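Okay, everyone, thanks for squeezing me in. I'd like to walk you through one structure today, so let me put it up on the screen.

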Amino acid sequence: LMMAIIYGINLMPALVPPTWAVLAFFNVKYDIPIPLLVVFGAISAAAGRLTLGTFAKHQRHRFSDRRLKELDSLRVLAEQRRGASFGALMLFAISPLSSASLFIAAGLAGLRLLPVTLAFFAGRLVSYTIYVSASSVAADNIEKLLEGGFSSPWVIALQIAALLMVVGLALAPWSRLLARWLPSDPQRSDHPAS
């Protein structure tokens with residue numbers, strides 16, 4: 001049940017409670033050991049985000065050729081600078097920020113999603129361990145935290161802002177913004193990997 005809930009939460013682009021708070025709830029309510037929660041929670045979250053990113057990737061056909069060329073510029077840069085991209089991804093994966101927009105953006109840019117998912121999984125193992133362990137100390141506040149994930153104006157505003165950033169990513173003139181770092185022809189590599 002916990003894995004299905006976590007998977008479902010991670011399919012949603014916004015307006016859901018953070019996964020670590022749900023894991024903390026299961027820890028407090030059902031006394032499930034933290035290592036089990038963290039491993040199975042990270043697996044479920046990664047599977048949900050991979051599904052979300054794959055769905056976004058399958059929406060690329062809805063974009064014009066010009067827009068796809070702009071998104072491909074972003075993909076080419078990410079593929080060229082793998083070390084920097086992986087490091088940035090790991091920092092993002094460890095942070096408490098929602099990763100939905102990251103996976104939607106990666107899918108729209110045509111990036112290979114498996115490396116993104118593996119980095120997300122590794123980062124979430126660390127962050128979930130920290131957050132669930134810390135929250136077990138404040139067990140009385142878990143239900144309030146979950147309710148706040150649905151109703152807090154700040155949380156809702158941040159999630160809407162993240163979705164607007166995805167829209168901005170899809171509309172940005174990446175070939176012009178990244179011209180300094182891109183090869184002369186951003187289409188020089190093969191079509192995006194599936």
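Let's start at F26, which is buried, with a relative accessible area of 8%. Keep in mind as we go that this is a predicted model.

So what is around F26? A search of the whole structure turns up five aromatic pairs. In one of them, the ring centres of F26 and Y30 sit 5.6 Å apart with the planes at 35 degrees, so we call that pair tilted. The cut-offs matter here: under 30 degrees would be stacked and over 60 would be edge-to-face, so 35 lands in the tilted class. Another of the pairs is F25 with Y30, and that one is edge-to-face, with 6.5 Å centre to centre and 85 degrees between the planes. Put those residues together and F25, F26 and Y30 make one aromatic cluster.

Why are F26 and Y30 about one helical turn apart? Because they are four residues apart in helix 2, which covers residues 19-30. As a general reminder, an α-helix has 3.6 residues a turn, so residues three or four places apart point the same way.

Now step off the end of that helix. D31 is in the loop between helix 2 and helix 3. D31 has a positive phi of about 55 degrees, although it isn't a glycine. In general, most residues other than glycine have a negative phi. Is D31 buried or exposed? D31 counts as exposed, because its relative accessibility is 64% and the cut-off for exposed is over 50%.

Let me zoom out for a minute. The protein has 10 helices and zero strands. Of its 194 residues, 42% count as buried. If you take contacts with a separation of 6 or more, 83% of them are between residues 24 or more positions apart. As for the outside, the accessible surface comes to about 10,600 Å², and 69% of that belongs to carbon and sulfur atoms.

On to the inside. The largest nonpolar core has 19 residues, and the ones with the most contacts inside it are M2, I6, L23, F120 and Y128. Helix 1, helix 2, helix 3 and helix 7, which is 113-137, each supply at least two residues of that core. There's also a second, separate core of 15 residues, including L52, A109, L113 and V166. The general background is that in soluble globular proteins, nonpolar side chains tend to be buried together.

A good residue to click on is A45, in helix 3. A45 is buried, with a relative accessible area of 0%. Which residues touch it? Leaving aside neighbours within four places in sequence, A45 is in contact with I6, N10, T19, F120 and Y128. A45 and L11 are 34 residues apart in sequence, yet their C-alpha atoms are 8.5 Å apart in space.

Helix 3 shows up on the outside as well. M3, L36, V39, F40 and I43 form a nonpolar patch on the surface, with about 390 Å² of accessible area together. Helix 3, residues 34-57, gives the largest share of that patch, four residues. M3 sits in helix 1, residues 2-11, and at 35% relative accessibility M3 counts as partly exposed.

Now have a look at helix 6, residues 100-109, which is mostly covered: nine of its 10 residues are buried. Among the buried ones are F103, I104 and L108. Just after helix 6, G110 takes a positive phi of about 80 degrees.

Two last stops. M165 is in helix 9, residues 153-171, and at 60% relative accessibility M165 counts as exposed. M165 and L102 are 63 residues apart along the chain, with their C-alpha atoms separated by 9.6 Å.

And then there's R67, in helix 4, residues 65-80. Is R67 buried or exposed? R67 is buried, with a relative accessible area of 9%. Outside its neighbours within four places in sequence, R67 is in contact with A170, L171 and A172.

That's my tour, and I'm happy to rotate the model to any of those spots.

Terms used
Residues are numbered from 1 along each chain as its sequence is written. This is a predicted model: local features need pLDDT of at least 70, side-chain atom pairs count only at pLDDT 80 or more; totals for chains, interfaces and linings use all residues. Side-chain values use heavy atoms; hydrogens and water are left out. Patches are made of residues with over 30% relative accessible area and no salt bridge: like charges are joined within 9 Å, nonpolar side chains (Val, Leu, Ile, Met, Phe, Trp, Tyr) within 5 Å. Accessible areas come from the Shrake-Rupley method with a 1.4 Å probe; for residues, only the protein chains shown count as cover. A salt bridge is a side-chain nitrogen of Lys or Arg within 4 Å of a carboxyl oxygen of Asp or Glu. Buried means under 20% relative accessible area, exposed over 50%, partly exposed in between (1.4 Å probe, protein chains only). Rings of Phe, Tyr and Trp (its six-membered ring) pair if their centres lie within 6.5 Å; planes under 30 degrees apart count as stacked, over 60 as edge-to-face and the rest as tilted. A nonpolar core is a set of buried Ala, Val, Leu, Ile, Met, Phe, Trp, Tyr and Cys residues joined through side-chain atoms within 4.5 Å. Contact means heavy atoms within 4.5 Å.
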